[in-house]
Amino acid sequence: MGVIDCAAYRGGVRVATLDMDGIPAALADPSLFVWLGLYEPSESLLEEVQAAFRLHDLAVEDAHRAHQRPKLDRYGESLFVVLRTARFAGPAEDLELGETHIFVGPRYVVTVRHGSLQSHVGLRGRCEENSELLALGSGYVLYALLDFVVDQYFPVVEALEEQFDVIETDVFDGDSSRETTAELYNFNRKLQSLRRAVSPLLDVVQRLERYEGPPLP
């Protein structure tokens with residue numbers, strides 16, 4: 001719980017692993033950018049993070065409460081982006097939705113995750129292996145997060161298609177039963193949940209394409 005990882009980067013290379021006390025000095029160095037990853041942080045930890053990065057009150061409140069739809073807000077020179085992660089989990093293949101809240105400034109990225117810890121496994125490592133792109137700074141990290149989350153949707157969609165094929169076969173072969181009705185209801189519930197997670201992301205991406213605020217690297 002709390003801080004998953006916090007590092008300072010120079011030229012796309014990790015030069016320091018930071019604790020909370022080390023963040024202000026790293027932010028004061030114009031050659032560095034800081035990437036802090038949090039998982040379901042406490043209110044007191046979020047207050048420390050807010051003070052260190054000078055984050056907006058409303059965005060921090062959203063990040064603490066969770067249960068947000070995908071969106072993009074601008075606060076001064078920073079952006080606040082909410083993404084929804086999705087994956088199938090457990091033997092019952094329940095659709096597990098999580099949230100990732102992203103604070104992006106010219107020289108920092110702060111991610112606040114709610115839900116499955118598995119949803120971001122390996123992302124930072126892959127970014128660090130691609131130092132030429134990571135050298136672009138916080139803008140690249142935002143892109144990588146968007147790309148990573150969207151890629152996770154495809155296996156979910158494929159699994160839903162397979163589930164629907166089974167239900168459809170039962171119906172048209174005359175093998176439908178009360179269980180089939182329950183499966184159809186459960187399928188529709190999963191589909192609606194995924195739609196609520198994915199559809200608003202289109203607006204987020206379109207707003208990023210048209211973004212005319214202070215430049216991010």
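The lining of the second largest pocket comprises six nonpolar, five polar and three charged residues. This pocket belongs to a predicted model, in which nine salt bridges are present and the number of disulfides is zero. The briefing below covers the pockets, the salt bridges and the cysteines in turn.

**Second largest pocket**

- The volume of the second largest pocket is about 180 Å³.
- Its lining consists of 14 residues, and those nearest the centre of the pocket are Ile4, Trp35, Arg113, His120 and Arg124.
- At least two lining residues come from each of strand 1, strand 3 (33-39), strand 7 (108-114) and helix 4.
- Helix 4 provides the largest share of this lining, with three residues.

**Largest pocket**

- The largest pocket encloses about 300 Å³ of space.
- Its lining is made up of Leu27, Ala52, Phe53, Arg54, Leu55, His56, Tyr75, Glu77, Ser78, Pro106, Arg107 and Tyr108.
- Grouped by class, these lining residues are seven nonpolar, two polar and three charged.

**Salt bridges**

- Arg124, one of the residues nearest the centre of the second largest pocket, is joined to Asp5 by a salt bridge, with 3.4 Å between the closest N and O atoms.
- This pair connects distant parts of the chain, since Arg124 lies in helix 4 (residues 123-129) and Asp5 in strand 1 (residues 2-10), 119 residues apart.
- Arg124 is classed as buried, its relative accessibility being 13%.
- Arg87 and Glu96 form another salt bridge, in which the closest N and O atoms are 2.8 Å apart.
- Both partners of that bridge are partly exposed: Arg87 has a relative accessibility of 30%, and Glu96 has a relative accessible area of 28%.
- A salt bridge also joins the side chains of Lys71 and Asp73, at 3.4 Å from N to O.
- Asp73 counts as partly exposed, at 22% relative accessibility.
- Lys71 and Asp73 belong to a network of salt bridges that also includes Glu61, Asp62 and Arg65.

**Cysteines**

- Cys6 takes part in no disulfide, and the nearest cysteine sulfur, belonging to Cys127, is 15 Å away.
- Cys127 is likewise in no disulfide, the nearest cysteine sulfur being that of Cys6.
- The two sulfur atoms do not count as a disulfide because they lie 15 Å apart, whereas a disulfide requires sulfur atoms within 2.5 Å.
- Cys6 is buried, with 2% relative accessible area, and Cys127 is also buried, with a relative accessible area of 2%.

How values were computed
Residues numbered from 1 in each chain as written. Predicted model: local features only at pLDDT ≥ 70, side-chain atom pairs only at ≥ 80, totals over all residues. Heavy atoms only, no water. Buried < 20%, exposed > 50% of the residue type's maximum accessible area, 1.4 Å probe, protein only. Salt bridge = Lys/Arg side-chain N within 4 Å of Asp/Glu carboxyl O. Helix = DSSP H or I, 4+ residues; strand = E, 2+ residues; numbered from the N terminus. 1 Å grid on protein atoms, 1.4 Å probe; cavity = no way out; pocket = protein on both sides within 12 Å on 5 of 7 lines; lining within 4 Å. Points joined across faces, edges and corners; volume = space filled by probe spheres on them. Nonpolar A, V, L, I, M, F, W, Y, C, P; charged D, E, K, R; others polar.
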